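Reader: I should like to learn how to read charged contacts and surface exposure in a protein model. Could we work through one case together?

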Amino acid sequence: MLYILRQASVHYVLCMNAHCLRASIFQMAGTERHDREMAIQAKRNLSKTTDPVERLRLKCLARGSAGIKGLGRVFRILDDDNSRTLDFNEFVKGLNDYAMMIDKEEAQEIFRVFDKDGSGTIDFDEFLVTLRPPMSNARKEIIMQVFRKLDRTGDGVITIEDLKGLYNAKHHPKYQNGEWTEDQVFKAFLDNFDSPYDKDGKVTTEEFMNYYAGVSASIDTDVYFIVMMKNAWKL
């Protein structure tokens, strides 16, 4: 069985069988180094673009791999009626709640880009898909391969129960010293992909894709990205 622990930007993989315990360490995109490089590049590019949608994308990427995913989570919280749409006031509130420093005029310009039919609302799923940095089909497919591996129940959500069938939490030091339960170990793992605003212990396809869209932005070639994903997740 496998157990993956993220600690100080390094994932430790403990591989167990009847005869031995083998530990290997590998770097995975989405670590501090990639996030730092991406944030620096995003901040640098902010001064070069006047396109409001691109500016918002870069502001999210300046927060690291989970930046776009975190904005999506804030929007979802605001969607009280589950319509998956936002009016302008909700849109602005979401940006403010996520501490996106965008003035009202620029927010109106972004909103108009997505309110194509002039209805006064935008579909935030479409908004987030467009906000993601462009990814090739090859990158999207490898991300979904990883998601399907983790989503053992096939219900479109990665949960603690899914992880229990894949990873052994009992080798986590905080489990061994009695500080954490097994569920807390798995929850900490899922928190890597979750928004700091609403950690619910569940990762949806959308959140997973949004997270890795941020990771992807820091990696130049498809080949490197695919190899990294395959090695990291043992595909």
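**Salt bridges and their surroundings**

Author: Glu 106 and Arg 55 form a salt bridge, in which the closest N and O atoms are 3.2 Å apart. This pair links distant parts of the chain, since Glu 106 belongs to helix α5 and Arg 55 to helix α2 (residues 52-61), 51 residues apart. Please note that the model is predicted.

Reader: Is Glu 106 buried or exposed?

Author: The general idea is to compare the relative accessible area with two cut-offs: under 20% is buried, over 50% is exposed, and values in between are partly exposed. Glu 106 has 15% relative accessibility and therefore counts as buried. Its partner Arg 55, with a relative accessible area of 22%, is partly exposed.

Reader: How many salt bridges does the structure hold?

Author: The structure holds 14 salt bridges. A further one pairs Arg 76 with Glu 206, and here the closest N and O atoms are 2.5 Å apart. It too links distant parts of the chain: Arg 76 sits in helix α3 (residues 67-78) and Glu 206 in helix α11 (residues 205-216), 130 residues apart. Arg 76 counts as partly exposed because its relative accessibility is 24%, whereas Glu 206, at 16%, counts as buried.

Reader: Which helices are linked by the salt bridge between Lys 164 and Asp 183?

Author: The side chains of Lys 164 and Asp 183 meet at 3.0 Å, N to O. Lys 164 is in helix α8 (residues 160-164) and Asp 183 in helix α10 (residues 182-191), so the pair links distant parts of the chain, 19 residues apart. With a relative accessibility of 33%, Lys 164 is partly exposed; Asp 183, at 36%, is partly exposed as well.

Reader: Which residues are joined into one network by salt bridges that share partners?

Author: The network consists of Arg 73, Arg 76, Arg 84, Asp 125, Glu 206 and Glu 207. The pair Arg 76 and Glu 206, described above, belongs to it.

Reader: How should I read charges that gather on the surface, and which residues form the patch of negative charge?

Author: The idea is to look for accessible residues of like charge that have no salt bridge; a patch admits residues with over 30% relative accessible area, and like charges are joined within 9 Å. In this structure, Asp 51, Asp 103, Glu 105 and Glu 109 gather in such a patch of negative charge. Glu 105 is found in helix α5 (residues 104-114), and its 62% relative accessibility is why Glu 105 counts as exposed. Helix α5 also holds Glu 106, which counts as buried.

Reader: Where does Lys 202 lie?

Author: Lys 202 lies in the loop between α10 and β7 (203-204). At 45% relative accessibility, Lys 202 counts as partly exposed. The C-alpha atoms of Lys 202 and Val 157 are separated by 6.3 Å, although the two residues are 45 positions apart along the chain.

Reader: What is the picture for the whole protein, in terms of helices, strands and burial?

Author: The protein has twelve helices and seven strands, and 48% of its 235 residues count as buried. About 11700 Å² is exposed, with carbon and sulfur atoms supplying 51% of it. To read how the chain is connected, one examines the separation of contacting residues. Of the contacts with a separation of 6 or more, 59% are between residues 24 or more positions apart.

How values were computed. Residues are numbered from 1 along each chain as its sequence is written. This is a predicted model: local features need pLDDT of at least 70, side-chain atom pairs count only at pLDDT 80 or more; totals for chains, interfaces and linings use all residues. Side-chain values use heavy atoms; hydrogens and water are left out. Patches are made of residues with over 30% relative accessible area and no salt bridge: like charges are joined within 9 Å, nonpolar side chains (Val, Leu, Ile, Met, Phe, Trp, Tyr) within 5 Å. Accessible areas come from the Shrake-Rupley method with a 1.4 Å probe; for residues, only the protein chains shown count as cover. A salt bridge is a side-chain nitrogen of Lys or Arg within 4 Å of a carboxyl oxygen of Asp or Glu. Lys and Arg count as positive and Asp and Glu as negative; His and the chain ends are not counted. The place of a charge is taken as NZ of Lys, CZ of Arg, CG of Asp or CD of Glu. Helices (H or I, at least four residues) and strands (E, at least two) are DSSP runs, numbered from the N terminus. Buried means under 20% relative accessible area, exposed over 50%, partly exposed in between (1.4 Å probe, protein chains only). Contact means heavy atoms within 4.5 Å.
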